[in-house]
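This report takes up an enclosed space, the charged pairs and one unusual backbone angle, in that order. Please keep the coordinates at hand while reading.

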Amino acid sequence: MIPVKSLIPRQGKNPNLRLIQVGGMAFRVNTRVMLLVGMGITTLFLLGAWGLTLGSFRLPLDAIAKALKGVGSRDADFIVLDLRLPRLLAAMMVGPMFAMSGAIFQGLIRNPLVSPDIIGINTGASLAAVFWIVTRQPVSLLPVAAFTGALMAAASIYVLTWRGRISGARLILVGIGVNALLSATTTWLILRLPIDHASAAVLWMVGTLYGSDWVDVLVLASALAVLAPLGIGLMWSLGVLQFGDLTARSLGMPLERTRLALIVVGCALSGVAVSVAGPVGFVAFMVPHLARMLAGPMTGGVFALAGVVGGVLLLGADLVSQHAFPLSLPVGVVTAALGAPYFLFLLYQTHARM
């Protein structure tokens, strides 16, 4: 077992930075950010435990504990293990994937108004997913189709925006246009469906976790286990890109390969999340702002914090959509109700500074 040395205070202006040495490796840790991540994870699991008790068939915590162990009643086992737990776990992972994707794209474009659901990345994933469903292709490959759609949308926006360099304002305008075009095409595809399939597709397009099962949980867990560490590893490069291309080149960074890696990871996070929950709006836009407000500039730790906050936000919104109203609503309705006013406020602030 490799010995881990004690936390060594890092000399500098930030007293929260510590240097951890593991064998011949050393890395910095912001103790405040790690504390916030721990608090977020605790909140997420407490919220999840409470969510398992809610519903038309109320269950006490001891009945839920027995069901999780597989020793509960048949009804309790079915409600907890087949209905509530898969949806709850899906929300816990879809939220982080949207949030991390938003953090990547906002940092990559260096514009706080950018997110994959505003500039057309999510809509590209949705179009590919709807096309995949309409043409009756294997459902097991739906995440791959959604990722491909997101990647193609990102490539189109990148090419249409490029004029020797990427302008944030121009990218937003191009992205909004591409988003409208892809959304119209998706609507056209849905109108070609039979009425019963069309209604389900429209519900999915709003963003919903209804019908999430253990297959979805497995897909999300596998994707998150691969993509989250890759995203954390790319945060140093993303931070360097904030200082401009000249600085990045002076440090020997391969710019285009770095941008391509960030785009691929961001599109994969968004595409897999869309394939399960649909294009849930504004989570990717809001959460990176909240994470930066809580912990400062985007680093690997703040990126992880954004994921945790995304999970808390989406799980909370899903519980509200299920239980706060007389009729169950798609979770995308609640996130849009939260995100749209925040977007207008941020847009007003940005305009006031110009």
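How do the residues of the lining of the largest cavity divide into nonpolar, polar and charged? In this predicted model, the lining of the largest cavity comprises 10 nonpolar residues, with no polar and no charged ones. The structure holds one cavity of 30 Å³ or more, and the space in the largest cavity comes to about 80 Å³. Its lining is made up of Phe105, Leu108, Ile109, Ile119, Ile121, Ala154, Ile157, Tyr158, Leu171 and Ile263, and the elements that give two or more residues to this lining are α3 (74-109) and α5 (142-161).

Turning to charged side chains, the structure holds two salt bridges, which are set out below.

| Acidic residue | Basic residue | N to O distance |
|---|---|---|
| Asp318 | Arg87 | 2.9 Å |
| Glu256 | Arg259 | 3.1 Å |

Asp318 belongs to helix α12 (residues 300-323) and Arg87 to helix α3, so their salt bridge ties together parts that are 231 residues apart in sequence; both Asp318 and Arg87 are buried. Glu256 and Arg259, by contrast, both lie in helix α10, three residues apart, which is about one turn of the helix. Within this second pair, Glu256 counts as partly exposed because its relative accessibility is 42%, whereas Arg259, at 11% relative accessibility, counts as buried.

One backbone angle also deserves mention. Most residues other than glycine have a negative phi. Phe282, although not a glycine, has a positive phi of about 75 degrees, and Phe282 is found in the loop between α10 (255-277) and α11 (283-295). With a relative accessibility of 18%, Phe282 counts as buried, because the cut-off for that class is under 20%.

Notes
Residues are numbered from 1 along each chain as its sequence is written. This is a predicted model: local features need pLDDT of at least 70, side-chain atom pairs count only at pLDDT 80 or more; totals for chains, interfaces and linings use all residues. Side-chain values use heavy atoms; hydrogens and water are left out. On a 1 Å grid over the protein atoms alone, a cavity is a set of points where a 1.4 Å probe fits but cannot get out, and a pocket is an open set with protein on both sides within 12 Å along at least five of seven lines; lining residues have an atom within 4 Å of a point. Grid points are joined across faces, edges and corners, and a volume is the space filled by probe spheres set on the points. Helices (H or I, at least four residues) and strands (E, at least two) are DSSP runs, numbered from the N terminus. Ala, Val, Leu, Ile, Met, Phe, Trp, Tyr, Cys and Pro count as nonpolar, Asp, Glu, Lys and Arg as charged, and the others, Gly among them, as polar. Buried means under 20% relative accessible area, exposed over 50%, partly exposed in between (1.4 Å probe, protein chains only). A salt bridge is a side-chain nitrogen of Lys or Arg within 4 Å of a carboxyl oxygen of Asp or Glu.
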